[in-house]
Amino acid sequence: MQSAMFLAVQHDCVPMDKSAGNGPKVEEKREKMKRTLLKDWKTRLSYFLQNSSTPGKPKAGKKSKQQAFAKPSPEEARLWAEAFDELLASKYGLAAFRAFLKSEFCEENIEFWLACEDFKKTKSPQKLSSKARKIYTDFIEKEAPKEINIDFQTKTLIAQNIQEATSGCFTTAQKRVYSLMENNSYPRFLESEFYQDLCKKPQITTEPRAT
């Protein structure tokens with residue numbers, strides 16, 4: 001079910017063949033698939049928004065959380081296309097990008113990047129050491145549950161570094177994952193139906209006045 005729903009946004013990102021027929025039934029199927037994709041997108045996005053919180057801070061109440069993650073205006077959404085950092089700096093944009101990566105089955109990249117961001121802010125040596133081991137077992141070691149795609153030399157270096165953990169343990173790996181997302185997943189996100197939908201200005205409908 002999941003792979004079928006995301007046929008248009010798999011890793012190889014092969015676009016649907018628009019020349020495969022232009023009859024009414026074909027167009028109807030395309031529109032149905034588009035609606036299904038957008039609906040599932042919104043479900044995933046809602047999940048990430050509801051479960052997003054700043055590490056170390058208490059979760060916001062329902063009302064304040066809705067305000068913090070208000071849907072961006074089309075103008076705000078278009079800013080995300082100017083730079084990858086603009087997207088990551090927006091809480092709504094970050095949640096949308098995570099939902100997109102989940103649809104491509106590579107959400108481990110953004111999860112690793114976020115874990116590294118949290119790790120670098122850690123001050124306690126004890127917490128730094130425990131977090132370093134957790135990041136290593138979750139993302140780095142062979143057959144890790146969320147193993148990221150980095151070279152053997154970098155993995156070996158990280159294994160050595162976490163023996164005496166510092167805030168720079170994962171710097172090289174984080175930069176490579178960032179570059180991978182920026183050059184591959186980010187451009188595809190900008191082309192996605194969900195992002196294009198956010199950038200559209202809502203159509204203003206006027207009701208006819210009663211005479």
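A patch of negative charge sits on the surface of this predicted model, formed by E82, D85, E86 and E182. Elsewhere, charges of opposite sign come together: the structure holds eight salt bridges, and three of them are walked through below. Side chains of opposite charge can pair when their charged atoms come close.

**The negative patch**
- E182, one of the four patch residues, belongs to helix α10, which covers residues 171-191.
- With a relative accessibility of 31%, E182 counts as partly exposed, because that class lies between 20% and 50%.

**A bridge between distant parts of the sequence**
- E104 and R188 form a salt bridge, and their closest N and O atoms are 2.8 Å apart.
- E104 lies in the loop between α6 (91-103) and α7 (108-120), while R188 is in helix α10, so this pair ties together parts that are 84 residues apart in sequence.
- E104 has a relative accessible area of 0%, so this residue is buried.
- Helix α10 thus carries both R188 of this bridge and E182 of the negative patch.

**A bridge within helix α7**
- K120 and E117 meet through their side chains in a salt bridge, at 2.9 Å from N to O.
- Both residues lie in helix α7, three residues apart, or about one turn of the helix.
- K120 is partly exposed at 38% relative accessible area, and E117 is also partly exposed, at 24%.

**The E107–K102 bridge**
- The side chains of E107 and K102 meet in a salt bridge, at 3.4 Å from N to O.
- E107 is buried, with 18% relative accessible area, whereas K102 is partly exposed, with 28%.

Methods:
Residues are numbered from 1 along each chain as its sequence is written. This is a predicted model: local features need pLDDT of at least 70, side-chain atom pairs count only at pLDDT 80 or more; totals for chains, interfaces and linings use all residues. Side-chain values use heavy atoms; hydrogens and water are left out. Patches are made of residues with over 30% relative accessible area and no salt bridge: like charges are joined within 9 Å, nonpolar side chains (Val, Leu, Ile, Met, Phe, Trp, Tyr) within 5 Å. Accessible areas come from the Shrake-Rupley method with a 1.4 Å probe; for residues, only the protein chains shown count as cover. Lys and Arg count as positive and Asp and Glu as negative; His and the chain ends are not counted. The place of a charge is taken as NZ of Lys, CZ of Arg, CG of Asp or CD of Glu. Helices (H or I, at least four residues) and strands (E, at least two) are DSSP runs, numbered from the N terminus. Buried means under 20% relative accessible area, exposed over 50%, partly exposed in between (1.4 Å probe, protein chains only).
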